[in-house]
Amino acid sequence: MNAIEDTVISLCRCVVNNLPIDASLLENTDLDALYQLCRYHSVTSLVCYGLESVGIRDTAFVQAKEKSIRKNLLLDAERKRILQFMDEQKIWNMPLKGIWLKELYPRVGMRQMSDNDILFNADKRSEVSEFMKKSGYHNLNTMEVNLHCDEWVKEPLYNFEMHFSLFSMGGNDVFYHYYKDVFSKLIRVSESGYTYRFTDEDYYIYLTAHAFKHYDYGGIGIRTLIDNYVYLKSKEKELDWDYISAELQKLHIAGFEQRLRTTSQHVFSPDPISNPETEEMLDYMFQSGTYGNVSNVIQREFKMLNARNKKEYLVRRIFPNMNFYRKNFPVAARYPVLIPFAWLFRLVRAPFKRRESICKELKILQKMDRQTTNNESESD
């Protein structure tokens, strides 16, 4: 870790453990650089609480904290309205991920939320969609998306991902099949309502599976480590670890969970521990950011596509295998005669919808080419 990363970790560690912060830690800190890194990892509000505890009220951090508090409160109120509609219509539902996690953090707004995720009865998708439209929401869903949720947005800052499946077919199929009949794992929040939740064990398993999906694909940031630490700090002693271990084995992520848990405890416990494996995971997360980055995705795709060079990679990206169509164009996957139309749709759509990401992808490919050439030159 570099100095600014070490400062972020130290501040987060103190805040989540309610420990005093040594003001000397921040004497030579570039607050602008600190803010940019915190923003990249969605921990600006959390770190702001730490800064304020030693008398530092930086405008950018304070605004981020206030926005996080406001967004949390607004999303809470709007989610209550949405769940009330589902109760009235007898549509079973389950709030996901950060909705529960944020309640375990010491102060309101500490756990920043970009959106709210809610799983619901897939058979009621049309009724929920109609309700969201009437409520002024716009659906960002397009043909080429992970077909497991609709993303509804409304000004000024409302964003709800309404899931009809926890994982999509064609992504990690082990996850998809494990959670296909997810309702059998749920317990009712109240006797008369239609809101459900996981047991604490199943919630932890889902959090781990979700983290692995992102970590394995484009990377994931340090907020996930903090989530893991905060959750286990609250729940670890009460959990049935025999059950958790058995289920993680079914999902083939037992090793990842062990590494994630060990790293979070080594990094954020009051008496931190440093070793090569912890530093390796932490370094990967720091360069990934909250939602991963294009560079990680491309490197993973190179391996998945078994591409030997940029030309092979581009050909296989333009003409993907059937798994891609099952995930993004299921109708074309069922009727292969439609695949050329799906290909044409992607080609026409790309310059308008994905120009920025395509340009970024090509720049990274060029950089990888230069690195390969330099490595070959050095070996010669």
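In what order do the five strands of the open sheet lie? The close-ups below, all taken from a predicted model, start with that point.

**View 1. The open sheet and its strand order.** The five strands are arranged as β1-β2-β5-β4-β3. Their pairing is mixed. At the edges lie β1, residues 93-95, and β3, residues 138-139. Each of these two edge strands pairs on one side only.

**View 2. Strand β1 beside strand β2.** Strand β2 covers residues 116-120. Its pairing with β1 is antiparallel and spans three bridges. Two pairs of facing residues can be picked out here. Asn93 sits opposite Phe120 of β2. Met94 sits opposite Leu119, also in β2.

**View 3. Strand β2 beside strand β5.** Here the pairing is parallel, with four bridges between β2 and β5. One residue to find is Asn116, whose bridge partner in β5 is Phe160. Strand β5 itself runs over residues 158-163.

**View 4. The two faces of strand β2.** Is β2 enclosed by the rest of the structure or open? Five of its five residues are buried, so the strand is largely enclosed by the rest of the structure. Buried here means under 20% relative accessible area. Both faces are covered. Asn116, Ile118 and Phe120 point to one side. Asp117 and Leu119 lie on the other.

**View 5. Helices α4 and α6 across the sheet.** Which strands does each helix cross? Helix α4, residues 59-88, lies across β1, β2, β4 and β5. Its angle to β5 is about 40°. Within this group, β4 is made up of residues 149-154. Helix α6, residues 125-134, lies across β2, β4 and β5. Its angle to β4 is about 10°.

**View 6. Ser264 in helix α11.** This close-up turns to another element, helix α11, which spans residues 254-268 and holds Ser264. Is Ser264 buried or exposed? Ser264 counts as buried because its relative accessibility is 0%. Which side chain makes a polar contact with that of Ser264? The partner is Asn228, at 2.8 Å. Neighbours within four places in sequence are left aside in the next list. Ser264 is then in contact with Leu225, Asn228, Tyr229 and Ser269. Asn228 therefore appears both in this list and as the polar partner of the buried Ser264.

Note on methods:
Residues are numbered from 1 along each chain as its sequence is written. This is a predicted model: local features need pLDDT of at least 70, side-chain atom pairs count only at pLDDT 80 or more; totals for chains, interfaces and linings use all residues. Side-chain values use heavy atoms; hydrogens and water are left out. Two strands pair if DSSP finds at least two bridges between them. Contact means heavy atoms within 4.5 Å. Axes are lines fitted to C-alpha atoms, for helices over the stretch in contact, and angles run from 0 to 180 degrees between N-to-C directions. Buried means under 20% relative accessible area, exposed over 50%, partly exposed in between (1.4 Å probe, protein chains only). A polar contact is a pair of N or O atoms within 3.5 Å; within protein, one must be able to donate a hydrogen and the other to accept it, and residues adjacent in sequence count only if both atoms are side-chain atoms.
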